[in-house]
Amino acid sequence: MNVLVPVDGSDCSMRALDFGIEFANRYDADIDVVHFTDVQGEDTESLMDRVRAELEDADIESGTSVAVDVHLADFKASNRIGKNINEMVESEGYDHVVMGHHGTGRVGSFILGSAAKTVLESGDVPVTTVP
């Protein structure tokens, strides 16, 4: 089984990473972690170093990557991130996605969009959301 865990550095995405690590250990799954951004900088490297440290502490060998998408600066970037995740799931053959969900509510979701909602609605693979 191959599990994808997208992270953005928020508390809920880091809880999703912890859950994804436990999930991978329990089901002997491979886990990959990805961060989507429009500009790769020090903050991005700091986040991915934190992710790598958590994976190392859990004694998990994992792929970690940063995907740069210049279109993320557009309105409703979270919808674009959701589409990027879905494209990655399809192209790389992931079996499960574990991701954080900010719980922005109906109004916030309408105005800001929701990456988790986009991935959930695709129905391509099972998705576990962590608040």
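Helices (H or I, at least four residues) and strands (E, at least two) are taken here as DSSP runs, numbered from the N terminus. The exercises below concern a predicted model.

**Exercise 1.** Work out which pattern of helices and strands the protein chain follows along the sequence.

*Solution.* Begin with the inventory, which gives five helices and five strands in the protein chain. Then read these elements in sequence order, and the pattern β-α-β-α-β-α-β-α-α-β appears.

**Exercise 2.** Find which residues of the largest nonpolar core touch the most other members, and which elements supply this core.

*Solution.* The core holds 19 residues, and those touching the most other members are V5, V7, L17, I31, V33, V51 and L55. Next, assign the core to elements: at least two of its residues come from each of β1 (2-6), α1 (11-27), β2 (30-37) and α2 (42-57), with α1 giving the largest share, six residues. As a last step, follow V33, whose contacts, once neighbours within four places in sequence are set aside, include V5, V7, L17, M48, V51 and L55. A second core of 14 residues, separate from this one, includes F36, Y94, A116 and V119.

**Exercise 3.** Decide whether P126 counts as buried, partly exposed or exposed, and state which residues P126 touches.

*Solution.* First locate P126, which sits in the loop between α5 (115-122) and β5 (127-130). Its relative accessibility is 48%, and because partly exposed covers the range between under 20% (buried) and over 50% (exposed), P126 counts as partly exposed. Then, leaving out residues up to four places away in sequence, P126 touches D95, H96 and V97. The C-alpha atoms of P126 and D95 lie 7.2 Å apart, although 31 residues separate them in sequence.

Conventions:
Residues numbered from 1 in each chain as written. Predicted model: local features only at pLDDT ≥ 70, side-chain atom pairs only at ≥ 80, totals over all residues. Heavy atoms only, no water. Core = buried A, V, L, I, M, F, W, Y, C linked by side-chain atoms within 4.5 Å. Buried < 20%, exposed > 50% of the residue type's maximum accessible area, 1.4 Å probe, protein only. Contact = heavy atoms within 4.5 Å.
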